[in-house]
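Student: I should like to learn how to read the features of a protein model. May we go through one together?

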Amino acid sequence: MNRKQCVAMLLAGGQGSRLMPLTKKIAKPAVPFGSRYRIIDFPLSNCINSGIDTVGVLTQYQPLELNDYLEAGVSWDMNLRYGGLHVLPPYQGETGADWFRGTANAIYQNIRFIKRYHPSYVLILSGDHIYKMDYSIMMKEHIENNADCTIAVIDVPLEEASRFGIMNTDDKGRILEFEEKPEHPKSTQASMGVYIFSTDKLIRYLTEDEADPDSSNDFGKDIIPKMLADDQRMFAYLYKGYWRDVGTLDSFWAANMDAIGMDASQEERLVLNDPGWRIYYEHSFNHPQYIGYDAGIKNSIIGDGCDIDGTLDHSVVFSDVVVEKGAVIRDSVVMRGVRIGKGARIEYAIVDEDAVIGEGAAVGADASQEKLTVIARNVEVPARTLVEAGTVAEENVKEEEL
């Protein structure tokens with residue numbers, strides 16, 4: 001009997017409402033990141049780099065673009081005859097169609113997929129985090145501890161701990177208590193939303209949870225507390241690398257800036273060009289970048305196919321972007337296909353795909369004001385128009401002379 005040691009289940013169906021308007025027409029894991037990637041590329045690349053070649057991607061909200069991007073897993077070397085990458089949407093069964101009602105229910109509805117490969121372990125991942133992690137090291141600890149469940153945690157500042165699910169452990173890492181966003185946290189070990197379960201225990205608790213009419217069908221609210229109450233062997237795995245939840249516009253902007261590095265001494269930098277841990281993605285077939293004679297570029301990342309005649313300073317610019325002469329982009333994220341006219345100025349902003357910034361327009365203000373400005377997909381900002389700091393422009397901006 002062919003079997004896989006581990007199957008990964010990647011939860012990629014969330015709406016991402018706090019990332020609006022970037023997620024208005026696409027699922028959060030499909031949101032572009034870092035000039036050439038998408039958010040989902042990071043957990044998928046972690047899987048293949050960790051030796052896990054069987055992944056179920058659970059989709060639901062606005063799945064079209066994400067499904068097209070994933071294709072058959074070719075970009076991540078997961079187009080296999082046995083295993084590989086599989087997109088798993090909600091489906092209609094004998095009793096009718098049913099949306100995923102929570103993270104636990106989403107996995108429950110796909111138990112047949114897990115059983116197909118007879119794995120000893122199931123790795124459950126979120127599709128909306130940016131990090132580079134070797135899951136095989138976490139798996140090794142899980143096996144050595146004879147654990148029923150291992151939860152990846154990261155140490156966070158005490159003043160931020162109330163934003164996370166917190167694991168309280170003994171000196172051997174065994175979890176004694178789980179607190180969901182506690183007002184007065186007892187530790188600083190925050191859950192990363194990365195779980196390894198021994199398969200038999202996972203199926204048992206998913207089945208029991210599904211039969212409970214009072215359950216919210218969620219791992220953090222239901223499955224983990226129930227396993228702790230039953231005194232199952234649950235351990236925390238302390239991860240010490242870069243990790244960021246990009247669930248908000250501010251955190252999404254910050255993660256893109258982490259890929260640049262605020263300065264040479266920054267400790268928490270997301271290294272995208274590490275040859276020892278590649279981030280795989282769907283390659284484009286654009287022409288090379290063109291950097292014009294009048295261009296000025298400082299501390300920035302630029303995608304393929306761009307024509308740059310203006311100034312870029314501490315910014316991330318995706319593919320096929322045109323920056324005309326005299327335009328200035330500073331502390332900003334500019335998505336694919338954006339057109340920026342002569343003399344325009346963009347500061348501390350996110351400009352989504354195919355937006356047009358007219359000649360001499362001004363978008364946002366200095367980052368010191370801490371008011372992030374967002375221009376949504378396909379929005380047009382007329383020439384010589386001011387978009388004030390903190391604006392989220394989801395429709396074409398009315399013409400207004402500076």
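Tutor: Let us begin with a definition: strands are DSSP runs of at least two residues, numbered from the N terminus. Please keep in mind that this is a predicted model. An example is strand β26, which covers residues 345-347 and includes E347.

Student: Is E347 buried or exposed?

Tutor: A residue is called buried when its relative accessible area is under 20%. E347 has a relative accessible area of 12%, so this residue is buried.

Student: Which residues does E347 touch, leaving aside those up to four places away in sequence?

Tutor: Contact means that heavy atoms lie within 4.5 Å. With residues up to four places away in sequence set aside, E347 touches R330 and S332, together with V363, G364, A365 and D366.

Student: How should I describe the burial of a whole helix, for instance α1?

Tutor: One looks at its residues in turn. Helix α1 spans residues 41-49, and seven of its nine residues are buried, so this helix is largely enclosed by the rest of the structure. The buried residues of α1 are D41, F42, P43, L44, S45, N46 and C47.

Student: What is found just after α1?

Tutor: There, G51 takes a positive phi of about 85°.

Student: Let us turn to loops. Where does N217 lie?

Tutor: N217 belongs to the loop that runs between α6 (199-210) and α7 (219-229). Because its relative accessible area is 7%, N217 counts as buried.

Student: How is separation in sequence read beside separation in space?

Tutor: One states both values for a pair of residues. N217 and A190 are 27 residues apart in sequence, and their C-alpha atoms are 21 Å apart in space. For E160 and T188, which are 28 residues apart along the chain, the C-alpha atoms are separated by 8.5 Å. E160 itself is in the loop between β10 (149-155) and β11 (165-169).

Student: I also wish to understand salt bridges. How many does the structure hold?

Tutor: A salt bridge is a side-chain nitrogen of Lys or Arg within 4 Å of a carboxyl oxygen of Asp or Glu. The structure holds 18 salt bridges. In one of them, the side chains of D128 and K28 meet, with N and O 2.7 Å apart. This pair links distant parts of the chain, 100 residues apart: D128 is in the loop between β8 (121-126) and β9 (129-131), whereas K28 is in the loop between β1 (6-11) and β2 (32-33). Both D128 and K28 are buried.

Student: Which parts of the chain are tied together by the pair K201 and D148?

Tutor: The side chains of K201 and D148 meet in a salt bridge of 3.0 Å, N to O. K201 lies in helix α6 and D148 in the loop between α5 (135-144) and β10, so the pair ties together parts that are 53 residues apart in sequence. K201 is buried, because its relative accessible area is 18%. D148, at 11% relative accessibility, is buried as well.

Student: With which residue does R163 form a salt bridge?

Tutor: Its partner is E160, and the closest N and O atoms of R163 and E160 are 3.5 Å apart. R163 is exposed, with a relative accessible area of 54%. E160 is partly exposed, since its relative accessibility is 32%.

Student: Which residues are joined into one network by salt bridges that share partners?

Tutor: Those residues are R336, E353 and R377.

How values were computed: Residues numbered from 1 in each chain as written. Predicted model: local features only at pLDDT ≥ 70, side-chain atom pairs only at ≥ 80, totals over all residues. Heavy atoms only, no water. Helix = DSSP H or I, 4+ residues; strand = E, 2+ residues; numbered from the N terminus. Buried < 20%, exposed > 50% of the residue type's maximum accessible area, 1.4 Å probe, protein only.
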